[in-house]
Amino acid sequence: MPDTPTDLTTPQLDETSFAAIDRDRLLSPAISTHPPRILILYGSLRARSFSRLSAEEAGRILTVLGAEVRFFNPSGLPLVDDGVDASHPKVRELRDLVAWCEGMVWSSPERHGAMTGLMKTQIDWIPLSEGAVRPTQGKTLAVMQVSGGSQSFNAVNQMRVLGRWMRMLTIPNQSSIPKAFQEFDEAGRMRPSPLYDRIVDVMEELVKFTLLTRDRKAYLVDRYSERKETAAALMKRVNLSAAT
């Protein structure tokens, strides 16, 4: 086998849809100056919910880092396919926040070795497409979990899979808080610890990745296969119009 390719022909390529990398769009986009817009979702409605308390700590850190932060309160969000549609006020609220944001934080308890049903319900109500808009495509994502026992990564690993499925840019770092009941004081504030420091690390990374990608996300997730499919659909429509 040669060290480098010798046959550089690509007869399989659709030359009208294939393009060289546009370095200007990738490396020199117009830079936005507004604060990064971050939406935080949490996966428990308990009065003393540690996933919410850790999410609130993340929100404070993000705000100090210069981000604009909003939370979605999932109380009252219906189950998917339970006789309601996207016109439901809580569903509309969630989808409007997803459209508004440039990045997200998902914070869930681990329950029975997985994220909670409430966390999954919120994610399931976020559409892969809404009209001509893909609400999550190219947006950044940080994942966090809390556990009642020893440290685990089942929930964050699941959320990473979902983030990839929704074509989000999930950052490398993550937070997992074991024995969360020990980490918060009576006022609901997280005690100083390496676990708190990890949340700071994750939020710093989220802001950096959001600032780096938000102005070029449309180009980052632009796909040859979709350009080709779109071109084929357009040609079919034009040919149909010409024949009628």
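**Close-up 1. The two faces of strand E5 in this predicted model.** From E5, Thr140, Ala142, Met144 and Val146 point one way, while Leu141, Val143 and Gln145 point the other way, and all of them are buried. In a regular strand, side chains alternate between the two faces of the sheet. With 7 of its 7 residues buried, E5 (residues 140–146) is largely enclosed by the rest of the structure.

**Close-up 2. Strand E5 and its partner E3.** Here we meet E3 (residues 103–111), which pairs with E5 in the parallel sense over 7 bridges. To find your place in this pairing, look for valine 105, which stands opposite alanine 142 of E5.

**Close-up 3. Strand E5 with E6 and E7.** E6 (residues 169–170) runs parallel to E5 and is joined to it by 2 bridges; threonine 140 has leucine 169 of E6 as its bridge partner. E7 (residues 175–177) is also parallel to E5, with 3 bridges between them. In that pairing, glutamine 145 of E5 is matched with serine 176.

**Close-up 4. Helix H2 and its surroundings.** The 15 residues of H2 (residues 50–64) should span 21 Å at 1.5 Å a residue, and the end C-alpha atoms are indeed 21 Å apart, so the two agree. H2 is mostly covered, as 11 of its 15 residues are buried; among them are Phe50, Leu53, Ile61 and Leu62, along with Arg52 and Glu57. The buried residues pack against strands E1 (37–42), E2 (68–71), E3, E5 and E7, and against helix H6 (194–213). Just after H2, have a look at glycine 66, which takes a positive phi of about 100 degrees.

How values were computed: Residues numbered from 1 in each chain as written. Predicted model: local features only at pLDDT ≥ 70, side-chain atom pairs only at ≥ 80, totals over all residues. Heavy atoms only, no water. Buried < 20%, exposed > 50% of the residue type's maximum accessible area, 1.4 Å probe, protein only. Helix = DSSP H or I, 4+ residues; strand = E, 2+ residues; numbered from the N terminus. Pairing = 2+ DSSP bridges. Expected span 1.5 Å × (residues − 1). Contact = heavy atoms within 4.5 Å.
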